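Me: I am new to this structure and would like to go through it slowly, one question at a time. Please reason each answer out before you name the result.

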Amino acid sequence: MRPILVSSSTPPPHCVSTIMTPVTPVVLPDDLIAELLSFLPVKSLVRLKCVSKSWKSLISDPSFVKLHLNRSSTRNPLFTIGTLHIAAIPIAAIPIDDVDDRGLEVGYSVVPYSLNCLIQNPLFTLSVDPYHHLGDKECSLMIGSCNGLILLAGGDSQLGYFRLWNPATMTISPNFGYFVRFHGSATHPFPFLGYYNFTFGCDNSTGTYKIVASNYNPDRQHRMNVRILSFGDNVWREIQSFPVVPIHSYFGENDVHNAVYLSSTLNWLAIHNDFDYDIKNLRVEQFVIVSLDLGTETYNQYRLPRDFDEMPSALPIVAVLGGFLCCSYFYKETDFLIWQMKELGNDNSWTQFLKISYQNLQINHDYFGDEEFNHEKIKYHFQLVPLLLSEDADTLVFKNSQESHPILYNWRENRVEQTKVTTSSTIINDNGSSNSTFWCSTKVYFESLVSIF
């Protein structure tokens, strides 16, 4: 390792002819240099690769990448904001018969943003850099985020594919994981996904990233077709079906019941047997969390918290908050409960994290003035989804079906704040255009040096 020189003496300005004492070089050990560099942001580390061959080798070393990843995941948490840009195409530029189908130009972007900044300033305008525009990457959808990598999906009406993107290092993989479109519907917002639901995560024991595709097949005795692709193999393999039915199979992509990733596992809310969806007909004993181990590619099932003893007015939510698997639900139409599984895989370790009253969250089921929406209808369609937890665990970010923007709730101070994020973009001409944010695809994100190859 190239020595780092440190001088502890400076000649007095009046002693021009003084003979200077030779500077004694101080050589820092390699492991100490690695420790110090691991606290730097990715952008700085990319630049420091140019200092010397030895520094480039150190920063690129898998052990250093892992050390930096562990540091980054616990400092300055980030999340992804999805933005939608819609612009009207002048009618004169397109055939009149195609106005309905081609009269709008749509662009999607995925922008990493600091959770601390959102908490400090919940009302702001997000400037969307063209680099974050998915169209330039020939993609149209974000599947998920894991270890600083974002999985994107793209394709045409015949063939779909994926790309792996590291926004921090500004690198993106070639197309991979090609698949024929599975019975895509023209009315589906992302028709190439068809009936398949995609998610991904990492087997930390080997560092292998995997995509899981699941498809509800009522013709197979209400079982799921499950396929998996390991990065590098680029081959879809069929694995054992889910032992229970994940709730996401009823609601499609970008639903709050999609899998959540934690410590080499993907986790879904599920039920023990099929149902014709009507929450009022469900029983608490039907619910379970099904977990796929990405290392062994086998399933585990966990019971929900012991106090989940009566059906809430909306389906429970499985999430990851503060590094723990969590389960949240409405309780007796008066409170919202959040439980943490303190030991992943041990359903006896559920511990109540928060119990928040509706009043404190300023929730009102009767927010519709239209008589068509009575109280009973509204409460069974109301959703409150915990998205993010601050670094100090004091502030939660909630998405709810009443608002287009999330709310911030500081449980220590019992304070609710509304957020409002507007967007500005140079991607699409402002003439007849609109920009908006959407939070259904919000994921926890942190910068990393993890390679996409």
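Me: Which residues does serine 328 touch, not counting residues up to four places away in sequence?
Reply: This is a predicted model, and what follows describes that prediction. Serine 328 is part of strand 19, which covers residues 324-331, and its relative accessible area of 1% is under the 20% limit, so serine 328 counts as buried. Leaving aside residues up to four places away in sequence, the residues that serine 328 touches are Pro316, Ile317, Phe336, Leu337, Ile338 and Pro386.

Me: What distance separates the C-alpha atoms of serine 328 and leucine 315?
Reply: Along the chain, serine 328 and leucine 315 are 13 residues apart. In space, the separation of the two C-alpha atoms is 9.1 Å.

Me: How many helices and how many strands does the protein chain have, and what share of its residues is buried?
Reply: Taking the secondary structure before the burial, the protein chain contains eight helices and 28 strands. Its length is 453 residues, and about 22700 Å² of the chain is exposed, with carbon and sulfur atoms supplying 51% of that area. The share of residues that count as buried is 47%.

Me: Among contacts in the protein chain with a separation of 6 or more, what share comes from residues 24 or more positions apart?
Reply: The contacts considered here are those with a separation of 6 or more along the protein chain. Within that set, residues 24 or more positions apart account for 54%.

Me: Are helix 1 and helix 3 roughly parallel or roughly perpendicular to each other?
Reply: Helix 1 spans residues 30-37 and helix 3 spans residues 53-60, and their axes lie 11 Å apart at an angle of about 65 degrees. Angles of 65 to 115 degrees count as roughly perpendicular, and therefore the description that applies to helix 1 and helix 3 is roughly perpendicular.

Me: Which residues make that contact of helix 1 with helix 3?
Reply: The crossing of these two helices is right-handed. By class, the contact of helix 1 with helix 3 has six nonpolar residues, with no polar and no charged ones. The residues in question are Ile33, Ala34 and Leu37 from helix 1, together with Trp55, Leu58 and Ile59 from helix 3.

Me: How do the residues in the contact of helix 3 with helix 4 divide by class?
Reply: Helix 4 covers residues 62-72, and its axis comes within 5 Å of the axis of helix 3, crossing at roughly 60 degrees, which means that helix 3 is oblique to helix 4. On the side of helix 3 the contact is made by Leu58, Ile59 and Ser60, while helix 4 brings Pro62, Phe64 and Val65. Sorted by class, these are five nonpolar, one polar and no charged residues.

Me: How many charged residues are there in the contact of helix 1 with helix 4?
Reply: Helix 1 and helix 4 pack with their axes 9 Å apart at an angle of about 40 degrees, so they are oblique to each other, and the crossing is right-handed. Helix 1 contributes Ala34, Glu35 and Leu37, and helix 4 contributes Phe64, Leu67, His68 and Arg71. By class this contact has four nonpolar residues and one polar residue, and the number of charged residues is two.

Me: Is serine 264 buried or exposed?
Reply: Serine 264 sits in the loop between strand 14 (260-262) and strand 15 (265-271), and although it is not a glycine, serine 264 has a positive phi of about 70 degrees. Its relative accessible area is 12%, and because the limit for burial is 20%, serine 264 counts as buried.

Me: Does alanine 393 count as buried or partly exposed?
Reply: Alanine 393 is in the loop between strand 22 (384-389) and strand 23 (395-400), and it has a positive phi of about 65 degrees although it is not a glycine. Buried would require a value under 20%, but alanine 393 has a relative accessibility of 24%, so the class is partly exposed.

Me: Which residues does serine 173 touch, not counting residues up to four places away in sequence?
Reply: Serine 173 lies in the loop between strand 7 (171-172) and strand 8 (176-180), and with a relative accessible area of 4% it is buried. Beyond residues up to four places away in sequence, serine 173 touches Arg163, Leu164, Ile452 and Phe453.

Key. Residues are numbered from 1 along each chain as its sequence is written. This is a predicted model: local features need pLDDT of at least 70, side-chain atom pairs count only at pLDDT 80 or more; totals for chains, interfaces and linings use all residues. Side-chain values use heavy atoms; hydrogens and water are left out. Helices (H or I, at least four residues) and strands (E, at least two) are DSSP runs, numbered from the N terminus. Buried means under 20% relative accessible area, exposed over 50%, partly exposed in between (1.4 Å probe, protein chains only). Contact means heavy atoms within 4.5 Å. Accessible areas come from the Shrake-Rupley method with a 1.4 Å probe; for residues, only the protein chains shown count as cover. Axes are lines fitted to C-alpha atoms, for helices over the stretch in contact, and angles run from 0 to 180 degrees between N-to-C directions. Angles under 35 degrees count as roughly parallel, over 145 as roughly antiparallel, 65 to 115 as roughly perpendicular and the rest as oblique. A crossing is left-handed if the near helix is turned anticlockwise from the far one by less than a right angle, and right-handed if clockwise. Ala, Val, Leu, Ile, Met, Phe, Trp, Tyr, Cys and Pro count as nonpolar, Asp, Glu, Lys and Arg as charged, and the others, Gly among them, as polar.
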